[in-house]
Amino acid sequence: LGKEVITKETTKIRLLTDAKTKKSRGMAFVELSTPETQYECLKLHLTHLDGRRLNVERTTGGGKAAKKSKISHFRESQSAYISQTVDQILSDHMKNGDIMEGELDEGVIALCKRHSAQVVEHALKEYAEEKKVRKERKEELGEKEEEEMRNPSAFLTHMLGRIAEEGFESSNLSGSKRGGGRG
């Protein structure tokens with residue numbers, strides 16, 4: 001987010017630690033001074049950092065019942081937003097002709113909704129590029145040998161997992177040619 005956005009004045013971080021060992025429990029509460037910063041932080045939900053998946057969620061104060069209800073509402077809202085965003089990304093790729101209606105099964109679409117929009121977007125771009133390369137190979141080889149993608153959903157599932165785990169730098173779009181397989 002940048003050193004000019006996240007400063008001691010704009011951000012308070014309370015790291016949760018084990019009472020006995022004083023080691024981090026892997027969770028923290030963060031108070032942010034502006035809604036814009038909060039929005040930027042929420043976009044990090046379901047991304048990866050140092051090989052670990054981040055969950056960034058809003059929380060609230062108040063009594064136990066009220067707090068539970070508000071948090072449940074925030075989670076539903078965030079989940080609906082992620083779902084709508086992924087649906088829009090998929091729709092855009094269908095409009096561009098990168099993927100066809102029914103090409104991907106419900107399982108991989110649900111999996112897309114468990115990843116950040118950046119991971120999904122990058123995986124779909126890489127998927128579309130691989131389809132294009134295979135189509136070109138097919139045209140070069142003629143009908144004798146077809147370079148087909150036998151299971152598009154499994155292929156995209158593999159890409160999502162790899163990109164989420166390793167990051168965008170390892171992607172085939174950035175020059176590295178690994179992990180494609182025959183789909």
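Student: What makes β1 (residues 11-17) and β2 (residues 24-32) a pair of strands?
Tutor: Six bridges join the two, which run antiparallel. Two strands pair if DSSP finds at least two bridges between them, so β1 and β2 qualify. Each is a strand in the first place because it is a DSSP run of E with at least two residues; helices are runs of H or I with at least four, and both kinds are numbered from the N terminus. One caution before we go on: this is a predicted model, where local features need pLDDT of at least 70 and side-chain atom pairs count only at pLDDT 80 or more, while totals for chains, interfaces and linings use all residues. Residues are numbered from 1 along each chain as its sequence is written, and side-chain values use heavy atoms, leaving out hydrogens and water.

Student: How many helices and strands are there, and in what order do they run?
Tutor: The protein has five helices and four strands. Starting at the N terminus, you read β-β-α-β-β-α-α-α-α.

Student: Back to the hairpin. Why is Thr17 called partly exposed?
Tutor: Thr17 has a relative accessible area of 38%. Buried means under 20%, exposed over 50%, and partly exposed lies in between (1.4 Å probe, protein chains only), so Thr17 gets the middle label. Thr17 sits in strand β1, opposite Ser24 in β2.

Student: Which residues does Thr17 touch, not counting those up to four places away in sequence?
Tutor: Lys22, Lys23, Ser24 and Arg25. Contact here means heavy atoms within 4.5 Å. As for Ala28, 11 residues along in sequence, its C-alpha is 8.9 Å from that of Thr17.

Student: What is noteworthy about the phi of Lys22?
Tutor: Lys22 has a positive phi, near 65°, although it isn't glycine. Most residues other than glycine have a negative phi. Lys22 belongs to the loop between β1 and β2, a hairpin with six residues between its strands.

Student: Is Lys22 buried or exposed?
Tutor: Exposed: its relative accessibility is 61%, which puts Lys22 in that class.

Student: Now the loop between α3 (106-112) and α4. Why is Ser116 called buried?
Tutor: Its relative accessible area is just 3%, so Ser116 falls in the buried class. Leaving aside neighbours within four places in sequence, Ser116 is in contact with His45, Leu46 and Thr47.

Student: And how do you class His115, buried or exposed?
Tutor: Buried as well, since His115 comes out at 11%. His115 is in the loop between α3 and α4, and beyond four places in sequence it touches Leu46, Ile82, Val120, Leu160 and Ala164.

Student: What makes a group of residues a nonpolar core?
Tutor: The members must be buried Ala, Val, Leu, Ile, Met, Phe, Trp, Tyr or Cys residues joined through side-chain atoms within 4.5 Å. The largest such core here has 22 residues, and those with the most contacts inside it are Leu104, Val120, Leu124, Tyr127, Leu156 and Leu160. Two or more residues come from each of α2, α3, α4 and α5 (152-166), with the largest share, six residues, from α5. Tyr127 touches residues including Leu104, Phe155, Leu156 and Met159.

Student: How do you know that something is a pocket?
Tutor: On a 1 Å grid over the protein atoms alone, a pocket is an open set of points where a 1.4 Å probe fits, with protein on both sides within 12 Å along at least five of seven lines; lining residues have an atom within 4 Å of a point. Grid points are joined across faces, edges and corners, and the volume is the space filled by probe spheres set on them. The largest pocket holds about 1,500 Å³. Its lining has 33 residues, with Ala28, Phe29, Val30, Asn55 and Val56 nearest the centre. β2 gives the largest share, seven residues.

Student: How do the residues of that lining divide by class?
Tutor: Into 17 nonpolar, seven polar and nine charged. Ala, Val, Leu, Ile, Met, Phe, Trp, Tyr, Cys and Pro count as nonpolar, Asp, Glu, Lys and Arg as charged, and the others, Gly among them, as polar.

Student: What volume does the second largest pocket have?
Tutor: About 380 Å³. Of its 18 lining residues, Leu42, Lys43, Gln78, Tyr81 and Ile82 are closest to the centre. The elements giving two or more residues are α1, α2 and α4 (117-141). By class, that lining has eight nonpolar, eight polar and two charged residues.
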